[in-house]
Amino acid sequence: MNGEHFKLLSEFVSPTYLNQAVGSRNSASGKITELLTQRRIPQTGWSADMIEMFIREVSLWDSNNFPSKGCVGEREGRCVSDLVRRRHWGLTHGIGRSGDVNAEQPKAAGSSFLLNLTKCLVHDALKNIFGISQLPREVVVLPIATGMSLMMGMTAASQLNPTRKHVIWSRIDQKSCIKSMTADPSLIVDVVEQVVSTQSNTLETDLSSINQLITQLGHDNIHSIVLTTSTFAPRSPDNIPAVSVVCKEYNIPLIVNNAYGLQCTKCVHLINEALRVGRVDLVVQSTDKTFLVPVGGSVIFGPLAGTVNKIYPGRASLGPILDLLITLLEVGRDGLENLLSDRKSNSEYLKQQLEGVSEITVLKNNKNSISLAITGEHITSSIGSQLFLRNISGARVFTRTDKISQIDLRVALKNFGGHQDKPLADTYLNAACAIGTTREEIDLFIKRLGGLLQKH
Ligand SMILES: Cc1ncc(COP(=O)(O)O)c(C=O)c1O
């Protein structure tokens, strides 16, 4: 209702009550004014009711929700299921146009507005909460997960230099990472194994092999270098700054997989440094692993982000973007900051609690604050599944086999899962303390792990 309606209401409700009602309405509309003027995540999160009211109003701006309409196109945002329509608050037109997935959709002013608002709030989160200080102005939010965005990033890099075919890849044993590079059959993936750091007993980026490969292949033949921040221990985040300097010197695109690195200040520092001293073409992060929304979105930034927008064929779903917007409005700045500081302290808590478990060793790795690698006489290949059967998910065991696994037609890796052909330890258990992990979950993990180890 608008101000005019409230004047008319004076004949229905006595002035005292009406004034209170106007006060409540003004408080809600004040929040919206603040959001639209500041374009930042609200300090304190909004209530779910307030968010729903906001979305419902905005959804009326999409043509499929106009009260009087004649839709004669083949794609008019119709839903035959009312439940499906309501699940999306009637925001069924999607985002983008065939020429650009982040462009305004003429039939959907509401959806286009929500996309642009989400981009502003994500920009705010990345810069002012996660701390990407050199963040480029354009941040793109895509309704495709990390692997797909990386794949689009590879295509975008091909458009920069169509004749270059070699991708230098600092090995990380995660299949989507590999598939994102090999989806284009013309690309050749040159694997750079991790090196064992003599000081810290961790796996680190092999800078000298990267440099050697550049010389051997010729920098004009290198399509891109692909690095990763967030990874299972004992692998460390790649040395993004050092490689970014090499990329700048030799004019090579650098693509950074920062799937869940934003929650870790060490990963953020690496990206900031690289943006400051070198060349970074694209940084990709997962929305589910960073913002705790259902799987299906990613946030990308860097000079190639605009090209990714343009090569995305067709429109895309607003769904994952709406999930992200709702989450940012509901959690607010305070909530997001609390999640980050809880993760940091819970990560220390996990380490301390593991120190109290007998007959295991946590491999020290000061560079990886998310994932831990745990060794011990009774850490065997079956412990991951035993934990899973006891409702502990996410813990996984690596066991050295010295076998070569054919990951896809063109990439074969020895000791897949260990991030290196000669793994640092023969068997280890990985556990992570990621954003959202609670102390109760850590306590349960420690109890069940301790229980299993005691059986031996
Ligand atoms: C480092 C890394 N990159 C990429 C991916 C793939 O992410 P998505 O499933 O969001 O495509 C993952 C998923 O676990 C990952 O850990």
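How many residues line the second largest pocket, and which of them lie nearest its centre? In this predicted model, the second largest pocket is lined by 15 residues, and those nearest its centre are Met1, Ser29, Ile32, Met53 and Glu57. Two elements, helix H2 (15-38) and helix H3 (48-59), each give two or more residues to that lining. H3 gives the most, with six residues.

**The two pockets**

The table sets out volume and lining by class for each pocket.

| Pocket | Volume | Nonpolar lining | Polar lining | Charged lining |
|---|---|---|---|---|
| Largest pocket | About 940 Å³ | 19 residues | 16 residues | three residues |
| Second largest pocket | About 420 Å³ | 10 residues | two residues | three residues |

The space in the largest pocket comes to about 940 Å³. Its lining is made up of 38 residues, and Phe232, Ser393, Gly394, Ala432 and Ala434 are the closest to the centre of this pocket. Several elements each supply at least two lining residues here: helix H6 (146-160), helix H7 (175-182), helix H11 (287-291), strand S15 (427-432) and helix H15 (439-454). H15 gives the most to the lining of the largest pocket, with four residues.

**The ligand**

Where does the ligand sit? The ligand sits in the largest pocket. The elements that give two or more residues to the shell around the ligand are H6 and H7. Both helices also supply at least two residues each to the lining of the largest pocket.

In total, 13 residues surround the ligand, and the closest are Thr146, Gly147, Gln174, Asn257 and Lys289. By class, the shell holds five nonpolar residues, seven polar residues and one charged residue.

Polar side-chain atoms of three of these residues can be placed against atoms of the ligand. For Thr146, a polar side-chain atom is 2.8 Å from an oxygen atom of the ligand. For Asn257, the partner is a nitrogen atom of the ligand, with a polar side-chain atom of Asn257 lying 2.8 Å from that nitrogen. For Lys289, an N or O atom in the side chain is 2.7 Å from an oxygen atom of the ligand. On its own, the ligand has 400 Å² of accessible area, and the protein covers 79% of that area.

Note on methods:
Residues numbered from 1 in each chain as written. Predicted model: local features only at pLDDT ≥ 70, side-chain atom pairs only at ≥ 80, totals over all residues. Heavy atoms only, no water. 1 Å grid on protein atoms, 1.4 Å probe; cavity = no way out; pocket = protein on both sides within 12 Å on 5 of 7 lines; lining within 4 Å. Points joined across faces, edges and corners; volume = space filled by probe spheres on them. Nonpolar A, V, L, I, M, F, W, Y, C, P; charged D, E, K, R; others polar. Near = heavy atom within 4 Å. Polar contact = N/O pair within 3.5 Å; in protein donor to acceptor, adjacent residues only side chain to side chain. Areas by Shrake-Rupley, 256 points an atom, 1.4 Å probe, with all protein chains shown as cover. Sits in = over half its atoms within 2 Å of the grid points.
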